[in-house]
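Colleague: Please show me the model, and then I will ask about strands, a helix and domains.

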Amino acid sequence: MSTPLLEMRNISIHFGGIKAVDDVSIDVMPGEVVGLLGHNGAGKSTLIKILSGAYKKDAGEIYVDGKKVEINSPIDARAHNIETIYQTLALSDNLDAASNLFLGREITTKFGLVDDTAMEAESRKIMARLNPNFQRFSEPVRSLSGGQRQSVAIARAVYFNARILIMDEPTAALGVHETAMVADLIKELKAQGLGIFLISHDTREMMDLCDRVSVMKNGQLIGTEKVEDVTEDDILSMIIMGKNPKKAA
Amino acid sequence: MSGGLGNLIKTLQIDTRLLGMIGAFIVISLVFHVATGGTFLTPRNLFTLTLQTASVAVMATGMVFVIVTRNIDLSIGSLLGIVGMLMGVIQVQILPDIVGFGSPSIWIITVTIGILLGAAIGAFQGWLIGYLVIPSFIVTLGGLLIWRGGAWWVSKGTTISPLDPNFVMLGGASGTIGVTASWALAIVGSVLTILFLINTRRKHVSHNFAVKPLWAEYALGAILVSAICGITAVLNAYLVPTRILERRFAAEGLEMPEGYTEAYGFPISVLIVLFVTIAMTIVAKKTRFGRYIFAMGGNPDAAELSGINTRMLTVKVFALMGALTAIAAVIASARLGSAGSSLGELDELRVIAAAVIGGTALAGGVGTIYGAILGALIMQALVSGMGMVGVDSPLQNMIVGGVLIIAVWIDIIYRRKTGDA
């Protein structure tokens, strides 16, 4: 078996006395979509926040291309081409699309001043690829629709050559048409060889988009299965019962 | 907005809020002009108005950043007091013994120490807020009491005067640059404005962005250049009173020529305000620091997840507020020619009011530097106008308080209408 693009090994974190993530190992191969499933509070988002540098793990290791890396901040994660699209979208509502897209990584002129014109031009280029209908570049993102905001968040991840993409409920706030658009985009990014972690509550959507699914409950990993080997009912029982029916059988 | 005027404003891409504030200033001025029997809109009064506005205006630009990051600074009036007091002690009681009385280095050393001191105190308060996560309201409320007490403690309630003659020039009342230099400055300012407009348009065209029609660019340029020249003309029209000129000639043993006149031109303190306004606007719009301030105000979590160190940013914002407060302390004490321990009392409220009237939203994320400057000017116009008409001081405060509340209410309606939350 080839080396995973990214591997999280034996990760634990606790808040006070509660083990939010308890000895969990997951990995993703290039061009693969791995789904993370579980109830609210199962530890999916916490696990993913360790990977994106928002939380610091208490134990465990992270490997990129088989090499051990340290991720202590969002900046570290970005340095390893790990990009995250958060459930809450993490946009500054008062800024326009280009300012959000480049937030923390602004293009500057030779005098060190931010170059809004260049950033807007780059934003237009990437948006033409992701969401050709998007035209509202000079308005604060608060006035955009859910789908438009989502395309800004995705553009931000894609623009900076993400190799590993984390998507936390990317379609939760979207309509039918916009959800389909995001699904197409995930397939395209996968074809380009990105490794994608996808968090969602929608089991059917996960069966459609993912290659493998990892199920968590109460901070522990119940199991990781290839989607073609399991039924939707198997996954549901893993989520609800916290038991892997395949292993029990 | 509807009809031709609305389209015109849209084509010119002028902020309607800016127009509203200029409109409010003009209305206030005209009302007082009539009520005072024609003395409000005179070069002399407008000159005095700019002098009185200067120190609050400088601090208001810093307050925009503080409020945009969802904080508040109640300590600035007291900070102004203690920094002004310490600068007074340094220039009157310490430096003359070291560098010699009347040495031109006195004001430079004094101002440098003052600004460093202001920035250090601001940074310390910012550290308490950013790193120890004590609410800014509490930290700066404590600062309000502590620094005012400190100012009394340093001076033991006395007033330090007279201040260094070079230092006093910075207050503007006795430090103006004269007619020729004022016009030279106006020409440089106009040329830079036009170059800026041309450069912006060229950049937009090179990226195939939509641009305004050419006539709109010309119109905008003409408006800005006439504004610059208009202000210069007004300040240049205020003549130095004849008896002051006579006294000056007499002091040099000369006879004043018949019909000799001289005008004041730009006061140095107003030049400081102009410089601070331009610098702070560039910081707000064109630097990463400024961009992060607004990003943090819009969504602190998003800013943090984008790799922005919001704690350090808080320290920097308060340090900048402290440095600007020190500059305001220079202007305020220099204008009076003395440093008293009540210097700057209640200034925090004037400054917050100026920023808020200027469109800075207390919820964070929204605010402009030019808005705060105009807000300060509107407040000062109200106060001086009422003083000239003979409104009692308690009634003045009541009216200013009412205006503040109404201004914010209008602002809320405006935002709701434009969807600019």
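**Strands, a helix and two domains**

Modeller: Met8(A) has Ile26(A) in strand 2 of chain A as its bridge partner. Strands (E, at least two residues) and helices (H or I, at least four) are DSSP runs, numbered from the N terminus. This is a predicted model, in which local features need pLDDT of at least 70, side-chain atom pairs count only at pLDDT 80 or more, and totals for chains, interfaces and linings use all residues. Residues are numbered from 1 along each chain as its sequence is written, while chains are lettered from A and ligands numbered from 1 in the order in which they are written.

Colleague: How many bridges join strand 1 of chain A to strand 4 of chain A?

Modeller: Two strands pair if DSSP finds at least two bridges between them. Strand 4 (residues 59–64) of chain A runs antiparallel to strand 1 of chain A. Ser12(A) has Ala59(A) in strand 4 as its bridge partner. The number of bridges joining strand 1 to strand 4 of chain A is 5.

Colleague: Which residue in the turn between strand 1 and strand 2 of chain A has a positive phi?

Modeller: Strand 1 (residues 6–15) and strand 2 (residues 18–28) of chain A run antiparallel and are joined by 7 bridges. They form a hairpin with 2 residues between them. The turn residue with a positive phi, about 60°, is Gly16(A).

Colleague: What arc do the buried residues of helix 6 of chain A cover around the axis?

Modeller: In helix 6 (residues 176–191) of chain A, Met181(A), Val182(A), Ile186(A) and Leu189(A) are buried (20 or more other C-beta atoms within 10 Å of the residue's own, against 12 or fewer for exposed and in between for partly exposed; C-beta atoms are placed from the backbone). They lie on the same side of helix 6 because the arc, taken from the directions from the helix axis to the C-beta atoms, is only 140°.

Colleague: Which exposed residues does the face of helix 6 of chain A turned away from its buried side carry?

Modeller: The buried residues of helix 6 of chain A pack against other elements of chain A, including strand 3 (33–37) and helix 5 (146–159). The face turned away from the buried side carries the exposed Val176(A), His177(A), Ala180(A), Asp184(A) and Ala191(A).

Colleague: Which helix of chain B gives the most to the side of domain 1 that touches domain 2?

Modeller: Chain B is divided into domain 1 (13–175 + 269–418) and domain 2 (176–266), with bounds from an automatic or database domain assignment. In contact (C-beta atoms, placed from the backbone, within 7 Å) are 9 residues of domain 1 and 8 residues of domain 2 of chain B. Helix 3 (43–68) and helix 11 (268–286) of chain B each supply at least two residues of that side of domain 1. With 4 residues, the one that gives the most is helix 3 of chain B.

Conventions
Expected span 1.5 Å × (residues − 1). Contact = placed C-beta atoms within 7 Å.
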